[in-house]
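Me: I am new to this structure and would like the terms explained. Please set each value against its definition.

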Amino acid sequence: MNEEKGSILIVDDDETCLEINNVILTEAGYKTALAENGLDAWNLFKKEKYDLIVLDRMMPVMNGDELAQKIRATDQLIPIIMLTALSFQSEREEGIKLGVNQYISKANENFDRELIAWCHNLIREYHKIDRKISSEKDR
């Protein structure tokens with residue numbers, strides 16, 4: 001495994017999608033945690049610190065929209081990528097209004113490369129902001 005690049009919480013009710021995303025991101029050097037629904041993800045989020053969240057939109061128990069809202073109510077900075085089969089423009093806009101940083105369609109044949117690129121970019125920016133906030137607190 002590559003040097004760890006950050007910690008990502010992956011949320012998807014489809015076991016195959018969850019495992020595929022896990023393999024993609026661990027092979028890219030990220031530490032991952034997995035949740036099969038929004039409620040399980042919320043409980044993990046409250047206990048652990050993550051650098052990014054990748055979530056599906058349509059899930060039982062608590063869907064991706066509800067989870068994104070709960071996360072944004074407590075953490076305005078953590079990057080969120082919504083990775084979903086839904087690809088209508090109106091649905092993308094709804095996700096963005098909820099505070100999702102990036103919306104990636106699972107139907108995209110190169111979604112894996114797009115996912116890795118966005119994870120890299122969003123985590124890099126998140127770490128810059130986090131370092132800046134930490135240095136300001138130390139003053």
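Me: Why is N21 called buried or exposed?
Reply: N21 counts as buried because its relative accessibility is 3%, and buried means under 20% relative accessible area, with exposed over 50% and partly exposed in between (1.4 Å probe, protein chains only). This is a predicted model, in which local features need pLDDT of at least 70, side-chain atom pairs count only at pLDDT 80 or more, and totals for chains, interfaces and linings use all residues. Residues are numbered from 1 along each chain as its sequence is written, and side-chain values use heavy atoms, leaving out hydrogens and water.

Me: Which residues is N21 in contact with, leaving aside its neighbours within four places in sequence?
Reply: They are I10, D12, L83, F111 and L115; contact means heavy atoms within 4.5 Å. N21 itself lies in helix α1, residues 15–27, where a helix is a DSSP run of H or I with at least four residues, numbered from the N terminus.

Me: What makes α2 and α3 roughly parallel?
Reply: Their packing angle is about 20°, with the axes 10 Å apart. Angles under 35 degrees count as roughly parallel, and therefore α2 and α3 are roughly parallel to each other. The axes are lines fitted to C-alpha atoms over the stretch in contact, and angles run from 0 to 180 degrees between N-to-C directions. G38, A41, W42 and F45 of α2 make the contact with L67, K70, I71 and T74 of α3.

Me: Which residues of α2 are buried?
Reply: In α2 (residues 38–47), the buried residues are G38, A41, W42 and F45. They lie on the same side of α2 because they cover an arc of only 100° around the axis, the arc being that of the directions from the helix axis to the C-beta atoms.

How values were computed. Helix = DSSP H or I, 4+ residues; strand = E, 2+ residues; numbered from the N terminus. Parallel < 35°, antiparallel > 145°, perpendicular 65-115°, else oblique.
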